[in-house]
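Reader: I'd like to learn how to read a model like this one. Could you take me through it feature by feature?

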Amino acid sequence: MLSQTEENYLKAIYSIGLSNAKNANTTLISERLKTKPSSVTDMIKKLAEKELINYEKYKGVTLTHSGKKIAVGIVRKHRLWEVFLVNNLNFNWDEVHDIAEQLEHIKSETLVDRLEKFLDYPKHDPHGDPIPDENGNIAHHKKIMLSSVEVDNKCIVIGVKDSSSSFLKFLNNANIKLGSVLTVISKEEFDKSIHIKNNNLSISLSYQISKNLFVKNL
């Protein structure tokens, strides 16, 4: 039986591995979990003793098969609970992350399997992130950033790179959500900001915003 802290470390290492070409290291783990590097070092030793991670000094951390299975299971639970909270309890997509962080540590696999069936086996969470199935398989979107869409092209929003509450609230205020169809009207050479049309509304978006929205061309 692992503690919630140990599970959080495994999930963090897994997430870093998905988003970085290199292995997770103490600095990356510390930044993701907002904890001291010394605490990370102690936990790495503990997880290595339990054969949940592989660790080589100066080469970083990778998950063992057992460690990855646990991490994928936590991610699966987290994203399924987010779907449930949005679809069935009417939470907004900017409200569910912290609640799902608590629910992801529920141990009952039967509950999670029934939750997935109840939700009709969703492939993506409310932020567009793929949900692993019970075997750890993930259906990935073919996606690009809004910042790379050419002028006069249409695209559909399929996910967010930044899932912070502040960013999601900004999107809510701009009436941008998953499934929104956007047309790129123009781009500013000076600051890379873009002008888009969304449901006949014209909106200017900064480069920071456009590089945090995943879309696919239509």
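**Buried acids, a sheet and some unusual angles**

Author: Let's start with Glu7, which counts as buried because its relative accessibility is 5%. Buried means under 20% relative accessible area, exposed means over 50%, and partly exposed is in between, using a 1.4 Å probe and protein chains only. This is a predicted model, in which local features need pLDDT of at least 70 and side-chain atom pairs count only at pLDDT 80 or more, while totals for chains, interfaces and linings use all residues. Residues are numbered from 1 along each chain as its sequence is written, and side-chain values use heavy atoms, with hydrogens and water left out.

Reader: Where is Glu7 found, and which residues does Glu7 touch?

Author: Look in helix H1, residues 4-19. Helices are DSSP runs of H or I with at least four residues, strands are runs of E with at least two, and both are numbered from the N terminus. Contact means heavy atoms within 4.5 Å. Setting aside residues up to four places away in sequence, Glu7 touches Leu2, Ile74, His105 and Lys107. Another pair to look up is Glu7 and Glu104: they are 97 residues apart in sequence, with 9.5 Å between their C-alpha atoms.

Reader: Let's try another acid. Is Asp125 buried or exposed?

Author: Asp125 is buried, because its relative accessibility is 4%. Asp125 sits in the loop between helix H6 (109-118) and S3. Beyond residues up to four places away in sequence, Asp125 touches Arg79, Glu82, Val83, Ile131 and Leu178.

Reader: Val83 is in that list. Where does Val83 lie?

Author: In helix H4, which covers residues 65-89. Val83 counts as buried because its relative accessible area is 5%. Apart from neighbours within four places in sequence, the contacts of Val83 include Leu119, Pro122, His124 and Ile131, as well as Asp125. For a contrast in sequence and space, Val83 and Glu31 are 52 residues apart along the chain and 27 Å apart, C-alpha to C-alpha.

Reader: Now the sheet. How many strands form the open sheet, and in which order?

Author: Two strands pair if DSSP finds at least two bridges between them. Here 6 strands make an open sheet with antiparallel pairing, in the order S3-S8-S4-S5-S6-S7. S3 (144-145) and S7 (201-205) are the edge strands, each pairing on one side only. S3 pairs with S8 (residues 213-217) over 2 bridges, and Ile144 stands opposite Val215 there. Helix H7 (residues 165-173) lies across S4 (154-160), S7 and S8, at about 150 degrees to S4. That angle runs from 0 to 180 degrees between N-to-C directions, with axes as lines fitted to C-alpha atoms, for helices over the stretch in contact.

Reader: Which way do the side chains point along strand S6?

Author: In a regular strand the side chains alternate between the two faces of the sheet. In S6 (residues 194-198), Ile194, Ile196 and Asn198 point to one face and are buried, whereas His195 and Lys197 point to the other and are not. On one side, 5 bridges join S6 to the antiparallel strand S5 (residues 181-187), with Ser186 opposite His195. S6 also pairs with S7 over 5 bridges in the antiparallel sense, and Lys197 stands opposite Ser202.

Reader: Which residues take a positive phi in the hairpins?

Author: In the S5 and S6 hairpin, with 6 residues between the strands, Lys192 has a positive phi near 65 degrees. In the S6 and S7 hairpin, with 2 residues between the strands, Asn199 has one near 50 degrees. Loops offer further cases. Asn90, not a glycine, has a positive phi of about 60 degrees and lies between H4 and helix H5 (97-103). Asn90 is exposed because its relative accessible area is 67%. Tyr121 has a phi near 55 degrees and lies in the loop between H6 and S3. Tyr121 is partly exposed because its relative accessible area is 45%.

Reader: Let's step back to the whole chain. How many helices and strands does the chain have?

Author: The chain has 8 helices and 8 strands, and its C-alpha atoms fill a box of roughly 55 × 45 × 25 Å along the principal axes. Buried residues make up 40% of the 218 residues. Among contacts between residues at least 6 apart in sequence, 61% join residues at least 24 apart.
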